Amino acid sequence: MELSDANLQTLTEYLKKTLDPDPAIRRPAEKFLESVEGSQNYPLLLLTLLEKSQENVIKVCASVTFKNYIKRNWRIVEDEPNKICESDRIAIKANIVPLMLSSPEQIQKQLSDAISIIGREDFPQKWPDLLTEMVNRFQSGDFHVINGVLRTAHSLFKRYRHEFKSNELWTEIKLVLDAFALPLTNLFKATIELCSTHANDASALKVLFSSLILIAKLFYSLNFQDLPEFFEDNMETWMTNFHSLLTLDNKLLQTDDEEEAGLLELLKSQICDNAALYAQKYDEEFQPYLPRFVTAIWNLLVTTGQEVKYDLLVSNAIQFLASVCERPHYKHLFEDQNTLTSICEKVIVPNMEFRAADEEAFEDNSEEYIRRDLEGSDIDTRRRAACDLVRGLCKFFEGPVTGIFSGYVNSMLQEYAKNPSVNWKHKDAAIYLVTSLASKAQTQKHGITQANELVNLTEFFVNHIQPDLKSASVNEFPVLKADGIKYIMIFRNQVPKEQLLVSIPLLINHLQAESIVVHTYAAHALERLFTMRGTNNTTLITAAEMAPFVEVLLTNLFKALTLPETLNILVL
């Protein structure tokens, strides 16, 4: 395909047709683009459209098409033909960075992703001048351009967080640090100064804080594998400014949206991540800075509201405390009884509460609730972070922590008993706290494999779990029913067999519950119990013990499958 006006016009028409809702028009256009994408100059025509088209919709469509083309074709697979000719590869790498930086943000993001895909394959050996080209743009003073560079660098470097260590990786990181660490630090300092200069300009602050978020993410990526000498030498600059940003509260950056995190929350959340990384991996070097970060993050936690927009911030802040309290170097910060009591009262209990947003997910988004609660995808939730903090504190202070938290559990259960229909959330929090306190080691296959011996799990089960499952209505207090069933699931190795046998008809009965979460949990719990192994590697619950329940089990399972929106009832 020649780089001609006629081909640009043809490509424009077919790109427009790919947006048509009518499949009879859209699909032939998509087929045409697939048929020509192997042609020389095809990607260059797309980039030319990006640069010269007068129609924004065509620019956006061309950018998405180009990114997907790069994703499918850039990698060279051994013993397979090269899908992009060498001259096109050279031209793309020569033009894509300046084009990306001069494009509107919507298009810039697509091209930034394309650069990161190319970079994963070609950087640094086949694209040695990429970093120099990007770093030189820091001098532009144009934060639209600077943020484009930062966004692209983040896409390129974030893989350092999960790559296995190797000489090749160390060589690449060293090259990046030599070229990038000093300009990034200088940009960080300059951006902080600009934030002070423009402290009363909301629009300027939004751009500057977008930069700071990306800079903080790059700091995390570049420090993840090991502590670079440059960042160790400049730790004062980074940590002093991170601490200042953590304690900053500018009303111009606050948002009215209760769901979506604002720029200030996102930045503070990333700084908590950065501080946790240093506390975990570089505790000796970080020690002089740690007390001030503990104080700042503690103050952050006790002053931040329950709105959903703060969830990631609170979760990362609690995870920082959890990572700190597990380290022998720092245990003196937590050993005072008043400190432990304050942590329980002001951090753990408030963040274990079942909020309106959780209740809404339980009722209206059951699949997501189950995935988060049962399958462990709740890694960024407040509850999960609070649970991790409880476990971290128990590492060195199991006795005192168990004593303090037991008092809170009893208090919450007493509140529930006063008026169950109003105070059921107190019991939900109590069950979650007991679960967190008792769980020392856990696997998906076996549930809890190591429990806190100071917590009487059987007594709690008999006194507080069974009564909910034995109540006449399977539809009353569905959240507490789900809590009780989950308790059986995770503590099935600690609860005596006779209590498990008592639970089986109760679980079978809850297969009829209207709540999707409850009847799915009941099915899952039964499956877990039936796969437990006893002595001589035989099933713990025998066929003879199950015989009285088989008919009602099958009946209720088939009934459950007819319930509206039923999730996957496990095959037993």
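This dialogue walks through a predicted model, from its confidence to its cavity.

Q: How should the model's basis be read, and what is its pLDDT average?
A: Residues are numbered from 1 along each chain as its sequence is written. The model is predicted, so local features need pLDDT of at least 70, side-chain atom pairs count only at pLDDT 80 or more, totals for chains, interfaces and linings use all residues, and side-chain values use heavy atoms, with hydrogens and water left out. pLDDT is the predictor's confidence in each residue, from 0 to 100. Here the protein averages 91, and 96% of the residues score at least 70. Over residues 568-572 the pLDDT is below 50. That stretch still has 17 contacts in the model beyond near neighbours in sequence. Contact means heavy atoms within 4.5 Å.

Q: How many helices and strands does the protein have?
A: Both are DSSP runs, numbered from the N terminus: helices are H or I with at least four residues, strands are E with at least two. This protein has 27 helices and 2 strands. Its C-alpha atoms fill a box of roughly 80 × 60 × 50 Å along the principal axes. Of the contacts with a separation of 6 or more, 72% join residues 24 or more positions apart.

Q: Which residues does the domain annotation cover?
A: UniProt positions follow the numbering used here, feature names are shortened, and annotations may be inferred rather than shown by experiment. An unreviewed UniProt entry places "domain: Importin N-terminal" at residues 29-102. Over that range the chain is 73% helix and 0% strand. The end C-alpha atoms are 29 Å apart.

Q: Is helix α3 mostly covered or mostly open?
A: Buried means under 20% relative accessible area (1.4 Å probe, protein chains only). Of the 572 residues of the protein, 51% are buried. Helix α3 (residues 42-52) is mostly covered, with 9 of its 11 residues buried. Among them are Tyr42, Pro43 and Thr48. The cover includes α1 (5-17), α2 (23-36), α4 (56-73), α5 (86-102) and α6.

Q: What lines the largest cavity?
A: On a 1 Å grid over the protein atoms alone, a cavity is a set of points where a 1.4 Å probe fits but cannot get out; lining residues have an atom within 4 Å of a point. Grid points are joined across faces, edges and corners, and volume is the space filled by probe spheres set on the points. The count is 1 cavity of 30 Å³ or more. The largest has a volume of about 30 Å³. Its lining is Gly119, Arg120, Phe123, Leu156, Phe157, Arg159, Tyr160 and Glu172. Helices α6 (105-122) and α8 (143-157) each supply at least two lining residues.

Technical notes
1 Å grid on protein atoms, 1.4 Å probe; cavity = no way out; pocket = protein on both sides within 12 Å on 5 of 7 lines; lining within 4 Å. Buried < 20%, exposed > 50% of the residue type's maximum accessible area, 1.4 Å probe, protein only.
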